[in-house]
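Me: I'd like a close look at a single topic in the structure below, namely burial, with an eye to charged side chains. Please take your time and connect the pieces for me.

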Amino acid sequence: MNSKMNTPQLFNEICLITDLDDTLLNSSHEISRENLEAIQEFIKLGGEFGIATGRGAQSVKRLSIPSTLPAILYNGSTIMDISSGHIHWNRPLEAKDIFLVEELLRYFPGIGIEVFTYDGIYLITENEETNRHTTLEHIIPIPLKNNKYQTIPGAWQKILIAWDVEHLKEVEAFLAPLSGTKYSIKFHRSYDFLVEIIHPGCGKEVALRQLSRLIEIPMKQIIAVGDNQNDLSFIQCAGIGVAAGNALPAVKEVADYVAVDHDQHIMTELLYLLKTSRL
């Protein structure tokens with residue numbers, strides 16, 4: 001039986017979509033019991049709930065977060081039903097863009113590179129920061145011998161560069177003149193030690209508009225929640241944009257509301273605000 005049946009539908013015209021790391025997930029990169037219970041109550045009261053994340057399908061599935069909507073994955077290159085694996089929309093990198101990896105390896109010894117596909121995460125080169133990332137997301141990457149990235153099967157959803165902050169500044173300076181010219185890419189920071197490279201025709205904000213059309217819910221009825229650089233346009237294009245209390249200053253500046261930080265159960269606060277018509 002549908003859990004929404006025979007329940008007052010307070011939120012039947014509200015759609016809430018949130019980032020995961022450093023927003024819905026706490027500093028241990030887990031979902032708190034309080035957030036989980038708030039999501040379940042929001043859904044029970046008629047709300048539509050979903051996520052928009054840089055994580056891949058395997059990592060999101062492991063978290064077992066309740067949802068009524070397809071998930072926005074790989075920083076907005078895919079909209080997918082996590083339970084069935086059905087893909088509603090997809091913008092992978094173009095075939096020519098895989099050769100960017102060769103240039104990065106040539107110019108930046110010590111760089112850490114991961115490639116995200118539907119099959120999993122392929123580890124091209126390892127460093128301290130790739131280990132930090134895979135530990136953070138509880139990922140078991142697929143290693144490649146002798147950097148043979150050309151053998152990776154399937155489309156590439158994104159390339160992730162992991163390195164220390166100062167080296168990443170050099171990588172970003174290297175990527176800037178190549179983006180949209182030699183390669184059909186755009187890039188952004190998702191953490192201070194991670195740069196993510198995706199197709200220029202995607203992103204969380206692009207995927208959110210696609211999802212709005214797919215589920216036939218106007219953008220003005222969508223609440224988007226985030227914290228980092230890759231969430232800026234995402235929360236700006238929604239009807240209501242919410243920044244976590246620990247968000248970057250630039251994200252807080254464009255948000256309609258600044259909530260508690262990721263260790264203080266942000267969904268509990270948002271549920272209260274919606275119930276009392278303060279959001």
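Reply: Happy to! A residue counts as buried here when its relative accessible area is under 20%, as exposed when it is over 50%, and as partly exposed in between. Please keep in mind that this is a predicted model.

By that cut-off, 54% of the 279 residues of the protein are buried. Helix α10, spanning residues 266-275, is a good place to start: 7 of its 10 residues are buried, so the rest of the structure largely encloses this helix. The buried ones are Ile266, Met267, Glu269, Leu270, Leu271, Leu273 and Leu274. Just after α10, Ser277 takes a positive phi of about 55 degrees.

Glu269 in that list brings us to buried charges. Asp97 is another one to look at, in the loop between β5 (87-90) and α4 (100-107). Asp97 is buried yet has no salt bridge, and the nearest side chain of opposite charge, that of Lys96, is 5.0 Å away. A salt bridge needs a side-chain nitrogen of Lys or Arg within 4 Å of a carboxyl oxygen of Asp or Glu, so this pair does not qualify. Leaving aside residues up to four places away in sequence, Asp97 touches Ile159, Tyr183, Ser184 and Ile185.

Now to charges that do pair. The structure holds 12 salt bridges, and one of them joins Lys204 to Asp231, with the closest N and O atoms 2.6 Å apart. This pair links distant parts of the chain: Lys204 belongs to helix α7, while Asp231 sits in the loop between β12 (222-226) and α8 (232-237), 27 residues apart. Both partners are buried, Lys204 with a relative accessible area of 1% and Asp231 with 0%. Through salt bridges that share partners, Asp19, Lys204 and Asp231 form one network.

Helix α7 takes part in a further bridge, between Glu205 and Lys186, whose closest N and O atoms are 3.6 Å apart. Here too distant parts of the chain are linked, with Glu205 in α7 (residues 204-215) and Lys186 in strand β10 (residues 186-191), 19 residues apart. Glu205 has 19% relative accessibility and so counts as buried, whereas Lys186, at 25%, is partly exposed.

A local pair makes a useful contrast: Lys169 bridges to Glu166, with the closest N and O atoms 3.3 Å apart. These two are 3 residues apart in helix α6 (residues 165-175), which means about one helical turn separates them. Lys169 is partly exposed, with a relative accessible area of 45%.

Notes. Residues are numbered from 1 along each chain as its sequence is written. This is a predicted model: local features need pLDDT of at least 70, side-chain atom pairs count only at pLDDT 80 or more; totals for chains, interfaces and linings use all residues. Side-chain values use heavy atoms; hydrogens and water are left out. Buried means under 20% relative accessible area, exposed over 50%, partly exposed in between (1.4 Å probe, protein chains only). Helices (H or I, at least four residues) and strands (E, at least two) are DSSP runs, numbered from the N terminus. Lys and Arg count as positive and Asp and Glu as negative; His and the chain ends are not counted. Contact means heavy atoms within 4.5 Å.
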